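This report describes how the strands and helices of one protein chain are arranged. Look at the sequence and the structure first, then read on.

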Amino acid sequence: RMTERRHYRFYGRVQGVGFRYRAQYAASMLGLTGWVCNLYDGSVELEAQGDPQALDKLVDTIAATSHWIMIEHYTCDKAPVDPDERRFRVRDSW
């Protein structure tokens with residue numbers, strides 16, 4: 001089975017609205033590993049890895065879990081796979 005890793009940066013109403021915990025929940029539901037953290041500029045950084053089809057659903061799944069979250073835009077780039085990662089975690093801010 002193919003594994004892919006993606007690095008995201010989210011902008012909009014993404015801090016103070018439970019975004020990181022919703023992301024952790026969505027990633028766990030989709031069987032993804034990785035991490036998420038708040039950045040000093042009000043954006044949120046996230047890396048996730050797993051099945052590419054699950055990764056394709058991640059952003060919509062996060063957005064669908066809360067009406068408080070409003071993703072105005074985001075970037076997504078491929079990242080190197082971490083073969084030792086076993087879970088998805090919320091990291092401390094910057």
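## Strand β2 and its two neighbours

In this predicted model, W35 of strand β2 has R89 of strand β5 as its bridge partner. The two strands, β2 (residues 33–38) and β5 (residues 88–90), are paired in the parallel sense, and three bridges hold the pairing. On β2 there is a second pairing, with strand β3 (residues 44–50): here the strands run antiparallel, and six bridges join them. N38 stands opposite V44 of β3.

β2 and β3 form a hairpin with five residues between the strands. In this hairpin G42 has a positive phi, near 95°.

Are the residues of β2 buried or exposed? Six of its six residues are buried, and the strand is mostly covered. The side that T33, W35 and C37 point to is one way from the strand, while G34, V36 and N38 point the other way; residues of both groups are buried.

## The whole sheet

In what order do the five strands of the sheet lie? The order is β4-β1-β3-β2-β5, in an open sheet with mixed pairing. At the edges are β4 (70–79) and β5, each of which pairs on one side only. On average, neighbouring strands are turned by 15° against each other, with direction ignored.

β3 also pairs with strand β1 (residues 4–13). These two strands run antiparallel and are joined by seven bridges. One residue of β1, F10, has V44 of β3 as its bridge partner. V44 is also the residue that N38 of β2 stands opposite.

## Helices on the sheet

Two helices pack against these strands. Helix α2 touches β1, β3 and β4, and its direction makes about 15° with that of β1. Helix α1 lies across β1, β2, β3, β4 and β5, and runs at about 170° to β5.

The helices also pack against each other. The axes of α1 (residues 19–30) and α2 (residues 52–64) are 9 Å apart, at an angle of about 145°. The crossing of α1 past α2 is right-handed. On the α1 side, the residues that meet α2 are F19, R22, A23, A26, A27, M29 and L30; on the α2 side they are A54, K57, L58, T61 and I62. By class, this contact has nine nonpolar residues, one polar residue and two charged residues.

## Two residues compared

Q49 is found in strand β3. Why does Q49 count as buried? Its relative accessible area is 6%, and so Q49 is buried, since the cut-off for buried is under 20%. The side chain of Q49 makes a polar contact of 2.8 Å with the side chain of R5. Leaving aside residues up to four places away in sequence, Q49 touches T3, E4, R5, L32, T33, L55, V81, D82 and E85.

H67 lies in the loop between α2 and β4. The relative accessible area of H67 is 63%, so this residue is exposed, because exposed begins over 50%. How far apart in sequence are H67 and V17? They are 50 residues apart in sequence, and their C-alpha atoms are 9.2 Å apart in space.

Notes:
Residues numbered from 1 in each chain as written. Predicted model: local features only at pLDDT ≥ 70, side-chain atom pairs only at ≥ 80, totals over all residues. Heavy atoms only, no water. Axes fitted to C-alpha atoms, helices over the stretch in contact; angles between N-to-C directions. Helix = DSSP H or I, 4+ residues; strand = E, 2+ residues; numbered from the N terminus. Left-handed = near helix turned anticlockwise from the far one by under 90°. Contact = heavy atoms within 4.5 Å. Nonpolar A, V, L, I, M, F, W, Y, C, P; charged D, E, K, R; others polar. Buried < 20%, exposed > 50% of the residue type's maximum accessible area, 1.4 Å probe, protein only. Pairing = 2+ DSSP bridges. Polar contact = N/O pair within 3.5 Å; in protein donor to acceptor, adjacent residues only side chain to side chain.
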